[in-house]
Amino acid sequence: MENNTNMAGNEENIPNYNRGQNNRANYYQQLKETRKQKSAVRFNKLGLPSLLYGMIFAIGIYHSVDGFFNLFAAIATVVYISYVAKISEKEFGKFEKFNSACIILLSISNFLTGNGTIIFFNYMAILLLIIVTGIYMFVDVKDVLTSIQISTMVVIPIMAIEKMFNAVGDFFSNITTISLKKNKKLVYVIIGVCITIPFFVIICGLLMSADGVFNSIFESIFDKLHIADVIFDIISIGFLFVLGYMASYGMVANLQERSYEFKKGKIKNGEPIIAIIFTAAISFLYLIFSVIQIYYLFLGNGQLPDDYTYAEYAREGFFQLLFVCLFNMVIVLVCNEFFRKNIVLKILNFVVCGCTFIMIASSTYRMKMYVDEYGLTFIRVLVLWALLVITVLMVGLIKQIMDIKFNLFKYSVVVVSVLYIAFSFSHPDYYIATYDLAMYENLEKSGIDYVDYDYINDLSSDAAPAILKHKDAVFNHLGNYEWKIKNCDWAHIRVEYTDYTKNKIGIRNFNVSHFIAQSNFQKYFNEDSRKIGE
């Protein structure tokens, strides 16, 4: 009887198990349908604007990284951000508007300068401003640690990479759930085009290799219609379009779906004794170092070691000092955010900040002496700008030491953006050429034969007006034709003056710096009345 009972019990359990399996299958099926419907709804709000943004981005950037049309890509970016804020019911406040204005200004700078390094930095700055704007729109970072806000800038773009592919999945979810119901032929057209293109290219290539007459006919067609260039343009614009669409869609999808929550306020759990011992030790070293800087470098009263000139002393250890200044910023930030409040630690942080200012002054003075001896370069100008930025950031750190609620991150974004935009618009190559050429002329008059005209010769088109002001000294040193031929390339005149008419700049890639360089060189060549290369 027991066996029969157990068997009966087992038979009762089997249907229950099957029902559980069916319920689980139904659950996953419903979950799949829910996600699919959710993707379709998200695409309805975000898909078309993202596709439109990707199109404008591609048209604006292609062959116009440093041209006028890049401004349209920047404007599209700002409009897209404001649209996302509206559909997501997020605040588009003063800080977000400030970042948007900076994005527009940086895009304007792109077609005002010919310096490739500045243009690259401009795009990096635009990307960072987009990330920061997204964080402040979607993430509650009020009273959040500065260090956490900085780390969030790294985490969010990485997480957005995963969501980039949702742009494709949501597109097809939208087609199958909505478009398919409205117009089945649309799906069939898309599928047909996707299948036809690769097979058409493959078959065409095989037939061209199989028959010489067929091949010559198609080659003549390709040559007349510039098919190769057209295909390259289509592929390039298509790539930029897909990149703009997927990147924008993925970033917004990531910010909308994921919940980024951080602990409010400052984390003051660290034992201050640890920080006091560390900062006291380095403060002692910094004070000794600062006294030496004031006595030897600033006042020049000390006796340097034998065979040790002040020029050598000035340029020695400059980058080490720059690194120590950055390290000091990290020290003060960590002590201020992760250790419990302590008056001794607070005083030591002020000491570290004070010594850092002396180190910044020492670095600046060293660089000045070095420039007086060897002239300006772009790297030296960039370093001097970096020292200014560190100074302003240190002021913010002091403010945070005094007021723990001070938003150091937002302050840093604002001041660095303002200082960088000023640097981006300043055309440093022009001032480098002006300063160095004036110095070189004085050196030649003094009979000194150290004149680095090669560096001036390799500057961007921003330097053209300054170079032409000193053309007599430059041409006499390098030789008329050799110098002009080399510089025609970066001035976009191309080897021979007659090529000027063949390489006119259109509205798409119009660049003010290149145009001014061309105009200046054209005027000079007309006055010179000689063709290059004769």
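The questions and answers below look at two helix pairs and a nonpolar core in a predicted model.

Residues are numbered from 1 along each chain as its sequence is written. In this predicted model local features need pLDDT of at least 70 and side-chain atom pairs count only at pLDDT 80 or more, while totals for chains, interfaces and linings use all residues, and side-chain values use heavy atoms, with hydrogens and water left out.

Reader: How are α3 and α4 oriented to each other, roughly parallel or roughly antiparallel?

Author: Helices here are DSSP runs (H or I, at least four residues), numbered from the N terminus. The axes, lines fitted to C-alpha atoms over the stretch in contact, with angles from 0 to 180 degrees between N-to-C directions, come within 9 Å and cross at roughly 165° for α3 (residues 94–110) and α4 (residues 116–138). Angles over 145 degrees count as roughly antiparallel, and α3 and α4 are therefore roughly antiparallel.

Reader: At roughly what angle do the axes of α14 and α15 cross?

Author: The contact (heavy atoms within 4.5 Å) includes W385 of α14 and F423 of α15. The axes of α14 and α15 (residues 408–425) come within 10 Å and cross at roughly 155°.

Reader: Which helix gives the most to the largest nonpolar core?

Author: A nonpolar core is a set of buried Ala, Val, Leu, Ile, Met, Phe, Trp, Tyr and Cys residues joined through side-chain atoms within 4.5 Å, where buried means under 20% relative accessible area with a 1.4 Å probe, protein chains only. Of the 104 residues in the largest one, I135, F423 and A433 touch the most other members. The helix that gives the most to this core, with 14 residues, is α14 (residues 378–402).

How values were computed: Helices (H or I, at least four residues) and strands (E, at least two) are DSSP runs, numbered from the N terminus. Angles under 35 degrees count as roughly parallel, over 145 as roughly antiparallel, 65 to 115 as roughly perpendicular and the rest as oblique. Buried means under 20% relative accessible area, exposed over 50%, partly exposed in between (1.4 Å probe, protein chains only).
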